[in-house]
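Trainee: I should like to examine the side-chain interactions of this structure with you, one question at a time. May we begin with the aromatic rings?

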Amino acid sequence: MESVSEISKFLEKFYVEDVCSKYRLLYSCDFFKFLFEHPKHKKEYSLGLFLQEKMIGYIMAREHVLVLRDISYPAVSINFLCIDRDFRNKNFAPLMIKEITRIANLNNIFRAIFTAEKVPQVPQDHLSVDEL
């Protein structure tokens, strides 16, 4: 797995920023240590994408149980999807989402929660809460 400082520095440089690149969300090494040391954290849900030993992408997922109308559903939450600016628009984000999806499916999880600035271009099942 990538080092905590490597992930923190990568996200500091490339994660969510405003249009003018003046404001950016920053996460400390201590924050990631807290996430990774959580008893329910699974290492396989922390994925770095590398090109010639340089990190160019990162994504993380975490297992949860959704409870809707007294029915429990296993799910993963997707977070920290980030691609180096020089590699955006090269379809690495859908590749990383597909890999997290594959890993979740191997763990018998077929639902995910995420926030997005843009709608990802990967197949998705849309199910409203009313349909459950």
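Trainee: How many aromatic pairs does the structure hold?

Mentor: Please keep in mind that this is a predicted model. A pair of aromatic rings is described by the distance of the centres and the angle of the planes. Rings count as paired if their centres lie within 6.5 Å. By that criterion, the number of aromatic pairs in the structure is seven.

Trainee: Is the pair of Phe 31 and Phe 80 stacked, tilted or edge-to-face?

Mentor: The ring centres of Phe 31 and Phe 80 are 6.4 Å apart, and their planes make an angle of 75 degrees. An angle over 60 degrees places a pair in the edge-to-face class. The geometry of Phe 31 and Phe 80 is therefore edge-to-face.

Trainee: Which parts of the chain does that pair tie together, and how many residues apart are they in sequence?

Mentor: Phe 31 belongs to helix H2, whereas Phe 80 belongs to strand E3. The pair thus joins a helix to a strand, and the separation in sequence is 49 residues.

Trainee: Which of the two, Phe 31 or Phe 80, is buried?

Mentor: Phe 31 has a relative accessible area of 30%, so this residue is partly exposed. Phe 80 has a value of 3%, and the limit for a buried residue is under 20%. The buried residue is therefore Phe 80.

Trainee: How is the pair of Phe 32 and Phe 80 classed?

Mentor: Here the centres lie 5.1 Å apart and the planes differ by 55 degrees. Edge-to-face requires over 60 degrees and stacked requires under 30, so 55 degrees falls into the remaining class. The pair of Phe 32 and Phe 80 is tilted.

Trainee: Which residues do ring pairs link into a cluster?

Mentor: Phe 80 pairs with Phe 32, and both of these residues are buried. Ring pairs extend this into a cluster whose members are Tyr 15, Phe 31, Phe 32, Phe 36 and Phe 80.

Trainee: Let us turn to charged side chains. How many salt bridges are there?

Mentor: The rule asks for a side-chain nitrogen of Lys or Arg within 4 Å of a carboxyl oxygen of Asp or Glu. One pair that satisfies it is Glu 63 with Lys 42, at 3.0 Å from N to O. The count of salt bridges comes to three.

Trainee: In the salt bridge of Asp 84 with Lys 54, is Asp 84 buried or exposed?

Mentor: The closest N and O atoms of Asp 84 and Lys 54 are 3.2 Å apart. Asp 84 lies in the loop between strand E3 and helix H3, and Lys 54 in strand E2, 30 residues away in sequence. Lys 54, at 41% relative accessibility, is partly exposed. Asp 84 has a relative accessibility of 2%, so this residue counts as buried.

Trainee: What separates Arg 102 and Glu 99 along helix H3?

Mentor: These two residues form a salt bridge, with closest N and O atoms 2.7 Å apart. Both lie in helix H3 at positions three residues apart, so their separation is about one helical turn.

Trainee: Which element gives the most to the largest nonpolar core?

Mentor: This core has 16 residues, and those touching the most other members include Tyr 45, Val 76 and Ile 100. Two or more residues come from each of E1, E2, E3 and H3. With five residues, the element that gives the most is H3.

Notes
Residues are numbered from 1 along each chain as its sequence is written. This is a predicted model: local features need pLDDT of at least 70, side-chain atom pairs count only at pLDDT 80 or more; totals for chains, interfaces and linings use all residues. Side-chain values use heavy atoms; hydrogens and water are left out. Helices (H or I, at least four residues) and strands (E, at least two) are DSSP runs, numbered from the N terminus. Buried means under 20% relative accessible area, exposed over 50%, partly exposed in between (1.4 Å probe, protein chains only). Rings of Phe, Tyr and Trp (its six-membered ring) pair if their centres lie within 6.5 Å; planes under 30 degrees apart count as stacked, over 60 as edge-to-face and the rest as tilted. A nonpolar core is a set of buried Ala, Val, Leu, Ile, Met, Phe, Trp, Tyr and Cys residues joined through side-chain atoms within 4.5 Å.
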